[in-house]
Amino acid sequence: MHFHTELTPDKLPVSIGLHDRIVTVGSCFAQVMGGQLTDHKMTVTNNPFGTVFNPISISKLLTMALRDQMPDEALYVQRDGIWFHHDFHSSHWATTREGLKNRLMVVLAETADALRQADWLFLTFGSALVYRHRATDQVVANCHKVPGTQFDKYLYQLDHLRAEYNRLLKTLRKHNPQLNVLLTVSPVRHTRDTLPLNSASKATLRLLAHELTVWHESVYYFPSYEIMQDDLRDYRFYEADLIHPNAQAQAYIYEKFAQSAFDEELCRFIGEWSGIQKALAHRPLQGYTDAHRHFLVQTLARLQALPAGIDVSAELADVRERLTKHIMMSDER
């Protein structure tokens, strides 16, 4: 790809390694980045609460997990026979209130365990515009299609965000002193909030991220927002909705992220793994030939030669099954 300008992020002071454990939390862009890391066989707890756009809800959920707190009883809501919780994305639901409560408690406990063992926490801020539930006076992560009259919507103040994240980072350090935190601002535009409010929101989030990196050790920033806005400033890099980055843009940002954050071992592994993925996707045009059997044996050897601790059990089983089928077909001939 060729662009008029190219933003090359600085190398992170601390590199991400092949065996690092990562937790991602935040907007849908956090989900995308976590998915790409998972595809490269990294150990990732990917957006366990579901999509969470605003930083207040992100902080609330992480604090709730680490302090072993239960979800707020006043924020359960039922719609069309399905139960949801205003602090969690709609991907977390159940047909009974008790069933949802049990599910959320498991999610919180598993996330707390992951955070205590993690090397990295990736936080992606989506919007500084929040919805406050009038009945409980609580900022919520998701309105779950409840009538808008039950909420107040406003831009959260920077001073309050700064104070909230100073508390959160203190809590994170208490439970995991070695944790590195990587901040990003989602490049997804919230046009329903109007373009002027979206700009004010993103500016607030960007300033928050900047201040946190200045005043806290082991807190870093990756400019995914800037890459999308300034490097990929063309609508051909967006989905049809002209809001979300398309697959080409996502791949480009991830490549920049890898250049900025990954250590040499991880970069070498990703190069080898990309070749193996192409081999796994290959299907013979000429059927079960000796050449294809040799190709499968080579692919099996490449999988077995990968560094210890990388889970490729599913891929090994797949190649062995193909080899068995190849032998059976050859015997029939």
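## Pockets, a cavity and some strands

The second largest pocket is lined by 8 nonpolar, 3 polar and 2 charged residues. (Nonpolar covers Ala, Val, Leu, Ile, Met, Phe, Trp, Tyr, Cys and Pro, charged covers Asp, Glu, Lys and Arg, and the others, Gly among them, are polar.) What you're looking at is a predicted model, where local features need pLDDT of at least 70 and side-chain atom pairs pLDDT 80 or more, while totals for chains, interfaces and linings use all residues. Numbering starts from 1 along each chain as its sequence is written, and side-chain values use heavy atoms, leaving out hydrogens and water.

Back to that pocket: the second largest one holds about 160 Å³ of space. Its lining takes 13 residues, and Pro-9, Asp-10, Leu-12, Tyr-221 and Pro-223 are the closest to its centre.

A pocket here is an open set of points on a 1 Å grid over the protein atoms alone, with protein on both sides within 12 Å along at least five of seven lines; in a cavity a 1.4 Å probe fits but cannot get out, and lining residues have an atom within 4 Å of a point. Volume is the space filled by probe spheres on the points, which are joined across faces, edges and corners.

| Space | Volume | Lining residues |
|---|---|---|
| Largest pocket | about 720 Å³ | 10 nonpolar, 10 polar, 6 charged |
| Second largest pocket | about 160 Å³ | 8 nonpolar, 3 polar, 2 charged |
| Largest cavity | about 70 Å³ | 6 nonpolar, 4 polar, no charged |

Now for the largest pocket. It has 26 lining residues, with Phe-53, Tyr-131, Ala-141, His-190 and Arg-192 nearest its centre. Strand S6 (residues 129-133) is the top contributor to this lining, with 3 residues. (Helices are DSSP H or I runs of at least four residues, strands are E runs of at least two, and both are numbered from the N terminus.)

S6 also belongs to a sheet. This open sheet has 3 strands in the order S7-S6-S8, paired antiparallel, and strands pair if DSSP finds at least two bridges between them. S7 (138-140) and S8 (151-155) are the edge strands, each pairing on one side only. Between S6 and S7 there are 3 bridges, and Tyr-131 sits across from Val-140 in S7.

A second pairing joins strand S3 (residues 76-79) to strand S4 (residues 82-85), antiparallel again and with 4 bridges. Here Gln-78 faces Trp-83 in S4. The two strands make a hairpin with 2 residues between them, and Asp-80 in the turn has a positive phi of about 55°.

What about enclosed space? There is 1 cavity of 30 Å³ or more. Helix H1, strand S5 (120-125) and strand S9 each give at least two residues to the largest cavity's lining, and H1 gives the most, with 4 residues. Among the lining residues are Phe-29, Met-33, Phe-122, Leu-182 and Phe-257.

Finally, helix H6 (residues 224-231) is largely enclosed by the rest of the structure because 6 of its 8 residues are buried, meaning under 20% relative accessible area with a 1.4 Å probe, protein chains only. Those buried residues are Ser-224, Tyr-225, Glu-226, Ile-227, Met-228 and Asp-231. Their cover includes H1 (28-39), S9 (180-185), H5 (195-215), S10 (219-221) and H7 (247-261), with contact taken as heavy atoms within 4.5 Å.

Definitions and conventions
Buried means under 20% relative accessible area, exposed over 50%, partly exposed in between (1.4 Å probe, protein chains only).
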